[in-house]
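The following exercises concern secondary structure, burial and salt bridges in a single protein chain. Please work through each task before reading its solution.

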Amino acid sequence: GPHAMVRSKVEFADTEELLGRVPKVNGRMFVTMCYKHSSEEWQHYNITMELHVLTGYRSLVGGKHLAVHDVAEVLRFEGYGFKESYDSLFWTSHFNCTADRISQTNYVDNSTAEFEGTVHSEWSVDPGAVRFNLTTTFLQGSGGEVQRLCYSFRNEPPMLYGSVWLKDAKLDTVKAVAGDADVSVLNYQKKLRLIGHTPRTYFADQDLEDSLDAQSLNDTVRWALGNESCDENLAHFVVGETRWDGVTAEPQTHNTTVLNGTTTFTFTDPSYAGKTMTLCYKHGDEPYHMYTDFTTTVRHVDAINSTYASTDHVVAAHAKTFLFTGDGLAVADRARFLFNGTTDCTDEGSVALLVDEDFEDTDTMKIVAHGVGRDELAASFEFEPEMSGESVGLCYRFGNEPYMYYN
């Protein structure tokens, strides 16, 4: 008949050649239609279509694939045809944009100011419609899942951009390999195990590494004196081993790399005794983030003094009481002595023999309070006669820490 309707599906390839050829007007791209009637020449019609495209993105604060838990991650997107009042976007943990948006974390558009779910996002388009900033914060309960971007231009169905993804990076737990995570002893190395979200594989061709394993992300740790900043008033430490007196060949540093989920450090500055440090963690290329729930307090024995007579001499088979001074000493700490000139507190064969009423932990002294209304700590002990003539050195144990040697 004289009138007919023809349906045609058009898909424009997102190529640099196309983007370079199509003229832009105020950050927008338009094409007009040409139609060929059978064998006739192509005919131009003044029918205009706007092309919308997202060409790339980057992070303004760190890496573009990591967002630290409870810290705003700002991403800058570039393209053509963005309009905040008509477009919409949201993050999804699925591989499509068709499921219920509320179940896919937050939905962001011009019609709501309330956000539900586990990811809070806000966005703003720059004048010119060629770029916009998206600020995303992972909230409680996101569980380390990877979120992918769904974007809808105007009234078009939302499109999944699988290459645009964010992983929630969070330090969940800090455990000590030996002792307690919140205790450090001056001049003695501490090793902590840092536990975060479980690594998963989300794409067949892309293995997303755990944000705490540092095999590819190079996570690092530093300690802040206090809990105010991860950039100022930082504690020095050494990474390697030190002698009991603090002598070490290792250089002082502020930062140490996380290897296989663990970090080691030794505080050697005597002024740190009694101070509490707060953990600062750097996930990949993100800025350092302060985890105020994870702290460590530096403990140290300064001296022991006899309550009477000489501190340097003890009579075998006669009880003697020593007063302990230092930082972080506590009732129920323990102490024992070594002989044979060793400084290795784990050498059970060199532990001096004591007369002790504690049958479960023999040859040790239990630290107790001394006096009434005083905060001095003391231990009373009695050497067996077999120890006569031996020179001994002190091993002190802070709570659950290993025994540490003091000359």
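**Exercise 1. Surface and overall architecture**

Task: Determine how much area the chain exposes and what share carbon and sulfur atoms supply, then describe the secondary structure, burial and contacts.

Solution: The model is predicted.
- Step 1. The exposed area of the chain is about 21,900 Å², of which carbon and sulfur atoms supply 48%.
- Step 2. Assignment of secondary structure gives 29 strands and one helix.
- Step 3. Of the 407 residues in the chain, 42% are buried.
- Step 4. Among contacts with a separation of 6 or more, 61% are between residues 24 or more positions apart.

**Exercise 2. A salt bridge to strand β6**

Task: Which residue forms a salt bridge with arginine 76, and is arginine 76 buried or exposed?

Solution: A search of the whole structure yields seven salt bridges.
- Step 1. In one of them, the side chain of arginine 76 meets that of aspartate 126, with an N to O distance of 3.2 Å.
- Step 2. Arginine 76 lies in strand β6 (residues 73–80), while aspartate 126 lies in the loop between β9 (119–125) and β10 (131–138); the two are 50 residues apart and link distant parts of the chain.
- Step 3. Buried means under 20% relative accessible area. Arginine 76 has 19% relative accessibility and therefore counts as buried.
- Step 4. Aspartate 126, with a relative accessible area of 22%, is partly exposed.

**Exercise 3. A salt bridge between two loops**

Task: Locate the partners of the salt bridge between aspartate 87 and arginine 154, and classify each by accessibility.

Solution:
- Step 1. The side chains of aspartate 87 and arginine 154 meet at 3.1 Å, N to O.
- Step 2. Aspartate 87 belongs to the loop between β6 and β7 (88–92), and arginine 154 to the loop between β11 (146–152) and β12 (159–169); this pair, 67 residues apart, also links distant parts of the chain.
- Step 3. Aspartate 87 has 0% relative accessibility, so this residue counts as buried.
- Step 4. Arginine 154 is partly exposed, at a relative accessible area of 21%.

**Exercise 4. A salt bridge with an exposed acid**

Task: What is the N to O distance in the salt bridge between aspartate 231 and arginine 222, and how accessible is each partner?

Solution:
- Step 1. The N to O distance is 3.8 Å. The cut-off for a salt bridge is 4 Å, so the pair is accepted.
- Step 2. Aspartate 231 counts as exposed, at 61% relative accessibility.
- Step 3. Arginine 222 has a relative accessible area of 11% and is therefore buried.

Methods:
Residues are numbered from 1 along each chain as its sequence is written. This is a predicted model: local features need pLDDT of at least 70, side-chain atom pairs count only at pLDDT 80 or more; totals for chains, interfaces and linings use all residues. Side-chain values use heavy atoms; hydrogens and water are left out. Helices (H or I, at least four residues) and strands (E, at least two) are DSSP runs, numbered from the N terminus. Buried means under 20% relative accessible area, exposed over 50%, partly exposed in between (1.4 Å probe, protein chains only). Contact means heavy atoms within 4.5 Å. Accessible areas come from the Shrake-Rupley method with a 1.4 Å probe; for residues, only the protein chains shown count as cover.
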